[in-house]
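Thank you all for coming. I would like to take a few minutes to walk through one structure with you, beginning with the bound molecule and then turning to the metal ions.

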Amino acid sequence: AKADGRGTYRFFETGMDARAQARRLLEMDLRAALQRDEFQAYYQPIRDVASGRVVAFEALLRWNHPQRGLIAPINFIPLAEETGLIVQLGDFVLRSACNDAATWPDDVDVAVNLSPVQFKNPNLIASVTEALALSGLAARRLELEITESVLLQNSEVTLTTLHELRAMGVRISLDDFGTGYSSLSYLRSFPFDKIKIDRSFVSELATREDSMAIIRAVTGLGRSLGIVTTAEGVENDAQLELLRREGCNQVQGYLFSKPRPASDVAIMLDRPRLL
Ligand code: C2E
Ligand code: CA
Ligand code: CA
Ligand code: CA
């Protein structure tokens, strides 16, 4: 079997299910990529709506494949989660993000996505502690983004871990808010610092009245609970205006910048819009 250069794999052997073989190949490729240092954290700015200031960058993982080019996380995170490799990958992102953020202005934070699988690993707290200690980054500058699925699994252990992280001074965001089944009950189960309104609601703002209603409800909820609201996937000025009017605190999206390598952070801090 070999990669055909377009991001898919072709198979010539018989006897093994092609899908299973593709997975095995990708898994081997993932392991090798970790050894060869082919992963890289990209950063996307998060802006405060009122001041327009960049208040944080979200770290988004990219795989710089020697043959296939830059690969987006949707194409390897699921398998990394199934194989457990996400723990190593997650540690890599955490360390990169803390090291990079330590070189940024002190009032610019960094947000790192955590997979539910990382919560099953007993070393998560140690990994975070180590990433902070090695980089010298203040814990208050690190935000960890989790999805509802994290709270769905063995909630006792998970909640304890979340409380420990928060006690360290790290902030916890609830990512992709509104896409799960019972989002509201999760807000009661843990004192989140931030709610990230899923991109799907923002992209349908202009065309669907219910999306507008949901955004209004979530920003209102954030205000009453004292939780910061961030809208993701802001792509145009009309969306920005509606979000501003609803009192959404922070925005993130292609309107301001795509995710870019760490070497572009200075430019992103300098220029309000960079597509
Ligand atoms: P997410 O955490 O919801 O990240 C936001 C995604 O939306 C990113 O996709 C980002 O590039 C994209 N995005 C941002 N602004 C816009 C916009 O205006 N329009 C559109 N169409 N898209 C926008 P990306 O980088 O491909 O990441 C996809 C997902 O992969 C992330 O969704 C996250 O769930 C996961 N992921 C990325 N990096 C990591 C990581 O280091 N660890 C873990 N566990 N998951 C990661
Ligand atoms: Ca995220
Ligand atoms: Ca998200
Ligand atoms: Ca998402």
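What follows is a short tour of the ligand sites in this model.

Before anything else, please keep in mind that this is a predicted model, and that the distances I quote are computed from it.

Let me start with ligand 1, which sits in the largest pocket. The elements that contribute two or more residues to the shell around ligand 1 are strand E4, covering residues 54-65, and strand E8, covering residues 171-177. Of these, E4 gives the most, with four residues. The shell as a whole holds 21 residues, and the closest of them are Gln-44, Arg-62, Asn-113, Glu-235 and Tyr-254. If we sort the shell by class, we find nine nonpolar, five polar and seven charged residues.

Which atoms of ligand 1 do the polar side-chain atoms of Gln-44, Arg-62 and Asn-113 approach? For Gln-44, the partner is a nitrogen atom of ligand 1, at 3.1 Å. For Arg-62, the partner is an oxygen atom of the ligand, at 2.8 Å, and for Asn-113 it is likewise an oxygen atom, at 3.0 Å. Taken alone, ligand 1 would expose 810 Å², and the protein buries 82% of that area.

Asn-113 brings us to the metals, since its OD1 atom is also a donor to the calcium ion that is ligand 2. The protein donors of this ion are completed by Glu-58, Glu-145 and Asp-175, and the donors lie 2.1 to 2.4 Å from the metal. Along the sequence, these donor residues follow the spacing E-x54-N-x31-E-x29-D. Among them, Glu-145 in strand E7, residues 142-146, and Asp-175 in strand E8 link distant parts of the chain, being 30 residues apart.

Which residue coordinates both ligand 2 and the calcium ion that is ligand 3? That is Asp-175, and the two ions are 3.8 Å apart. Ligand 3 is coordinated by Asp-175, Asp-176 and Glu-232, the last of these listed with two OE donors, at 2.1 to 2.6 Å. The donor residues of ligand 3 are spaced D-D-x55-E in sequence. Here too, distant parts of the chain are linked, with Asp-175 in strand E8 and Glu-232, 57 residues away, in the loop between strand E10 (228-231) and helix H11 (237-245).

Finally, we come to the calcium ion that is ligand 4, whose protein donors are two OD entries of Asp-176, lying 2.8 to 3.0 Å from the metal. Asp-176, which lies in strand E8, bridges ligand 4 and ligand 3, and these two calcium ions lie 3.6 Å apart.

To close, I would ask you to look again at strand E8, which carries both Asp-175 and Asp-176, and which also gives residues to the shell around ligand 1.

Methods
Residues are numbered from 1 along each chain as its sequence is written. Chains are lettered from A and ligands numbered from 1 in the order in which they are written. This is a predicted model: local features need pLDDT of at least 70, side-chain atom pairs count only at pLDDT 80 or more; totals for chains, interfaces and linings use all residues. Side-chain values use heavy atoms; hydrogens and water are left out. A residue is near a molecule or strand if one of its heavy atoms lies within 4 Å of it. A polar contact is a pair of N or O atoms within 3.5 Å; within protein, one must be able to donate a hydrogen and the other to accept it, and residues adjacent in sequence count only if both atoms are side-chain atoms. Accessible areas come from the Shrake-Rupley method with a 1.4 Å probe; for residues, only the protein chains shown count as cover. On a 1 Å grid over the protein atoms alone, a cavity is a set of points where a 1.4 Å probe fits but cannot get out, and a pocket is an open set with protein on both sides within 12 Å along at least five of seven lines; lining residues have an atom within 4 Å of a point. A molecule sits in a cavity or pocket if more than half of its atoms lie within 2 Å of its grid points. Ala, Val, Leu, Ile, Met, Phe, Trp, Tyr, Cys and Pro count as nonpolar, Asp, Glu, Lys and Arg as charged, and the others, Gly among them, as polar. Donors are N, O and S atoms within 2.8 Å of the metal (3.2 Å for Na, K and Ca); water is not among the atoms, so sites may look incomplete.
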